[in-house]
Amino acid sequence: MMQAKKGDNVQVHYTGKLEDGSVFDSSIQREPLGFTLGGGQMIQGFDTAVHGMAVGDKKTVTIPAAEAYGERRDDMMIDVPLTQVPENITPEIGMQLTLQGGNGQPMPVTVTNMDEEKITLDANHQLAGKDLIFDIELVKIG
């Protein structure tokens, strides 16, 4: 039976959960997720979990934060003076905004704090610092 290996184009169905059981993403109600195994398109732990699976195999894996979206980093917290906030934006704690990163890529941020002079934006991935649990089913190789 053919097993998924680095360089294979694979398709999987998955459900991603947090340790409390809450689901943060799933492909079950849509098309399977396709990617190149070992191609850097997926978080490291997910890629590693699919390696060696055969079509029809199902597994549940816990991926530690270090192999998922990394640990939360204090250097990803950005203070922005209120004078630099565009006039058409009224920031609120929990609000999602998008900044332009240094390479021109969009960088999603969340407003985490505000005072009279500045707002604090968190540029950490929303799942940073969290261990993730995935139910994975390999549906296709090639």
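A salt bridge is counted where a side-chain nitrogen of Lys or Arg lies within 4 Å of a carboxyl oxygen of Asp or Glu. In this predicted model, the structure contains six salt bridges; the pairs described here include Lys5 with Asp8, Asp135 with Lys17 and Asp75 with Arg73.

Between the side chains of Lys5 and Asp8, the N to O distance is 3.2 Å, so the pair satisfies the 4 Å cut-off. The two partners fall into separate accessibility classes: Lys5 is partly exposed, with a relative accessibility of 45%, whereas Asp8 is buried, at 11%. The assignment of Asp8 follows because its 11% lies under the 20% limit for buried residues.

A salt bridge also joins Asp135 to Lys17, with 3.0 Å between the closest N and O atoms. This pair connects distant parts of the chain, 118 residues apart. Asp135 belongs to strand S9, which spans residues 132-141, and Lys17 belongs to strand S1, which spans residues 9-17. Both ends of the bridge are partly exposed, Asp135 at 25% relative accessibility and Lys17 with a relative accessible area of 22%.

For Asp75 and Arg73, the side chains meet in a salt bridge with an N to O distance of 2.8 Å. Asp75 has a relative accessible area of 53% and is therefore exposed, since the class begins over 50%. Arg73, with a relative accessible area of 44%, is partly exposed.

Methods. Residues numbered from 1 in each chain as written. Predicted model: local features only at pLDDT ≥ 70, side-chain atom pairs only at ≥ 80, totals over all residues. Heavy atoms only, no water. Buried < 20%, exposed > 50% of the residue type's maximum accessible area, 1.4 Å probe, protein only. Helix = DSSP H or I, 4+ residues; strand = E, 2+ residues; numbered from the N terminus.
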